[in-house]
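Work through the following exercises with the coordinates open, attempting each task before reading its solution.

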Protein chains: 2
Amino acid sequence: MKRLGKYSYRLGSPVHLVAYDSYVGKLEKEGPLGKWFKNYSNDEYFGQDTFEKAESFIQKEVINNVITNSKSLCSDIDFIFSGDLLNQCIGSSYGVRNLDMQHFGLYGACSTFAEGLILGSICIDGGFAKKTLAATSSHFCSSERQFRFPLEYGNQRPPSAQWTVTGSGCALLSSIPEKNNGPRILDFSPGAVWDMGVTDINNMGAAMAPAAVKTLSRYLKDTSSYVDDFDLILTGDLGVIGHDLMMRMLSEEGIFAGENLFDCGMMIFDSEKQDTHSGGSGCGCSASVMCGVILPQMEQKIYKNILYIATGALMSPMSTLQNESIPGIAHLVHIVS
Amino acid sequence: MKRLGKYSYRLGSPVHLVAYDSYVGKLEKEGPLGKWFKNYSNDEYFGQDTFEKAESFIQKEVINNVITNSKSLCSDIDFIFSGDLLNQCIGSSYGVRNLDMQHFGLYGACSTFAEGLILGSICIDGGFAKKTLAATSSHFCSSERQFRFPLEYGNQRPPSAQWTVTGSGCALLSSIPEKNNGPRILDFSPGAVWDMGVTDINNMGAAMAPAAVKTLSRYLKDTSSYVDDFDLILTGDLGVIGHDLMMRMLSEEGIFAGENLFDCGMMIFDSEKQDTHSGGSGCGCSASVMCGVILPQMEQKIYKNILYIATGALMSPMSTLQNESIPGIAHLVHIVS
């Protein structure tokens, strides 16, 4: 490990992303990235009794797929890092139960997938593990009733609102490459919790954008790099409004991001045609875009050098009712292939 | 780092617990460990508007106390690991906001404090950090309305129910000792998620005991050690019923734990006099007992060699309503002084 400046870390050896898989719902399959999503279902219950059980089910499925595809045994995998948006992270706890894999439960809202990649990389680089898994999930229907209203209520959503992605992503990290020049993690920069006083739960992009700007600008400074050095800078799920705000805030810091700054929440849906307002959100958003689309594209050398910045809005419905503002966090991972 | 068997890890160099602090409520102060708890309040709101804000407040207070007592600067501390029981872990997110410290949010229910000690130790041993913080909290009143009923309802609690501790604990981990022979972490063994089909949310001890037994027996096997080798084996918060069950399950595995097996949930309250039924529970239970009582006692050499096994019941009120059983997890940390 080499420390890069105050906030960023370079791994002693790259950590290889040797297997990954995603599982999404109908709307995600119908979106602009649909052709990349191999596993999907038109049934929002995914054959389960409840939306919450459906979410656990897809998380369990992607974990099992990744293990099977990588020809690993559960016993070869040292640790699993997982989390989700549901109260007490039940999507994950029920997703991993009785797998007999040493488990670290995470809560970083929509930043959780990057948190799992970072902690897994630390364990591998520190010699504590040879292989780790990172997994997250979200589900539109379980999130709506958790954070907003039951679907039956049919509430009107303002244009700034984001649409929680139904999806799950899982990646297997390994000290040993299984393919030549597959995607691998070089550096990371974990984020701090920033609260800029945004109180509108229908505008989470605005609450998260400052954290994304802070983490990105610190990483660029630490590594003396420029936004143009990367093929792609991919934020988690700021959506249209958060993305615009991030561009403006970056330019105020003298950082002019151009065509290579994208957002998973904007990519996964065609907001106009699919009526998803400001775009996608949720733990499963950037996890399924990364595992279903970007990592396979890196394998095909469509992208070779990316920054993945997963952002999380750390509020709960109760904190909102108590007039609390919404803190944000953003974790950055530098991946090359 | 040296791997001990399949499930346990020995740190390359011990990680030193150089500062720790706790903050508890009235009932905890009145309990058998009361004289050890220096920071307490008779006001269950701790001067805040709501119980949730009170919980964030005590977590923020212990973090600040630990930083101040250790004469560290926030900028000296590389990472903070924190979590709690509230929906979306708001106790922690609001507890650490704007501290400008790189943050990893955890969810491991009542096992969270040990999870933070383990991940912090990995970061330090792996060379990624010199100092890390681990913090957790719980609050009786915020937990009751989160998991059971609003207090105003005055529901009757069955004798197997546990009483959520109002308290918070925080410890500073460091690669460098600040005192001679202070408490330090030698080994750890993270747990897996086990679900033995227990469905009674008023008997969480029974749901967690199998996980504690599994983690302890694996650690003893991995390290070829015996229960008698330790001054104290301290489980998180199994309570009276879970503790009994653990003793019985251990004896079925040929492990006969004696007078050195204690439980934080049983120690913090006098269940008969204080009417707390099966004993204490909650993230703040074992964190405040460890940081307020056991680590100071290790400094005084009352204990020199302990196993701390924090246990978590990974359910939510919604999963219970959906007839799901309660998975359990237990993380073990070996501390000497």
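Helices (H or I, at least four residues) and strands (E, at least two) are DSSP runs, numbered from the N terminus. The model is a predicted one.

**Exercise 1. Locate Asn98(A) and state what is notable about its phi angle.**

Solution. With the elements assigned, Asn98(A) falls in the loop that runs between helix H3 (90-96) and strand E4 (102-105) of chain A. Its relative accessibility is 42%, so Asn98(A) counts as partly exposed. Turning to the backbone, the phi of Asn98(A) is near 60°, a positive value in a residue other than glycine. As background, most residues other than glycine have a negative phi. In chain B, Asp275(B) also has a positive phi, of about 55°, although it is not a glycine, and Asp275(B) sits in the loop between helix H9 (271-274) and strand E11 (280-281) of that chain.

**Exercise 2. Describe the interface between chain B and chain A, beginning with how many residues are in contact.**

Solution. Begin with the contact count: 66 residues of chain B are in contact with 66 residues of chain A. The area buried between chain B and chain A is about 5,600 Å², and carbon and sulfur atoms give 56% of this area. Of the area that chain B buries against chain A, Gln88(B), Gln102(B) and Phe128(B) supply 15%, more than any other three residues.

Next come the polar terms. There are eight salt bridges between chain B and chain A; one pair that forms a salt bridge is Arg218(A) with Asp100(B), whose closest N and O atoms are 2.9 Å apart. The two chains also have 39 residue pairs in polar contact, counted where both residues have pLDDT 80 or more. On the side of chain B that touches chain A, helix H4 (residues 112-125) of chain B gives the most, with six residues, and the residues of that side divide into 34 nonpolar, 19 polar and 13 charged.

**Exercise 3. Place Asp125(A) in its surroundings, naming what its side chain reaches.**

Solution. Asp125(A) belongs to helix H4 (residues 112-125) of chain A and is partly exposed, with a relative accessible area of 21%. Leaving aside neighbours within four places in sequence, Asp125(A) is in contact with Met1(A), Leu11(A), Gly12(A) and Ser13(A), and, in the other chain, with Phe128(B). The side chain of Asp125(A) reaches the backbone nitrogen of Gly12(A) at 2.9 Å. The C-alpha atoms of Asp125(A) and Pro14(A) are separated by 8.2 Å, although these residues are 111 residues apart along the chain.

**Exercise 4. Explain why Cys141(A) is not in a disulfide.**

Solution. The required cut-off is that the two cysteine sulfur atoms lie within 2.5 Å, and by this rule the count is zero disulfides over all chains. For Cys141(A), the closest cysteine sulfur is that of Cys285(A), 16 Å away, which is too far for a bond. Cys141(A) is also buried, with a relative accessible area of 4%. Cys170(B) is likewise in no disulfide, the nearest cysteine sulfur being that of Cys291(B) at 6.8 Å, and Cys170(B) counts as buried at 0% relative accessibility.

**Exercise 5. Decide whether Leu234(B) is buried or exposed, and list residues that it touches.**

Solution. Leu234(B) lies in strand E9 (residues 232-235) of chain B, and with a relative accessible area of 0% it is buried. Not counting residues up to four places away in sequence, Leu234(B) touches several residues, among them Phe262(B), Cys264(B), Met267(B), Met290(B), Ile294(B) and Tyr308(B).

Definitions and conventions
Residues are numbered from 1 along each chain as its sequence is written. Chains are lettered from A and ligands numbered from 1 in the order in which they are written. This is a predicted model: local features need pLDDT of at least 70, side-chain atom pairs count only at pLDDT 80 or more; totals for chains, interfaces and linings use all residues. Side-chain values use heavy atoms; hydrogens and water are left out. Contact means heavy atoms within 4.5 Å. Buried area is the accessible area (1.4 Å probe) that two parts lose on being put together, summed over both. A salt bridge is a side-chain nitrogen of Lys or Arg within 4 Å of a carboxyl oxygen of Asp or Glu. A polar contact is a pair of N or O atoms within 3.5 Å; within protein, one must be able to donate a hydrogen and the other to accept it, and residues adjacent in sequence count only if both atoms are side-chain atoms. Ala, Val, Leu, Ile, Met, Phe, Trp, Tyr, Cys and Pro count as nonpolar, Asp, Glu, Lys and Arg as charged, and the others, Gly among them, as polar. Buried means under 20% relative accessible area, exposed over 50%, partly exposed in between (1.4 Å probe, protein chains only).
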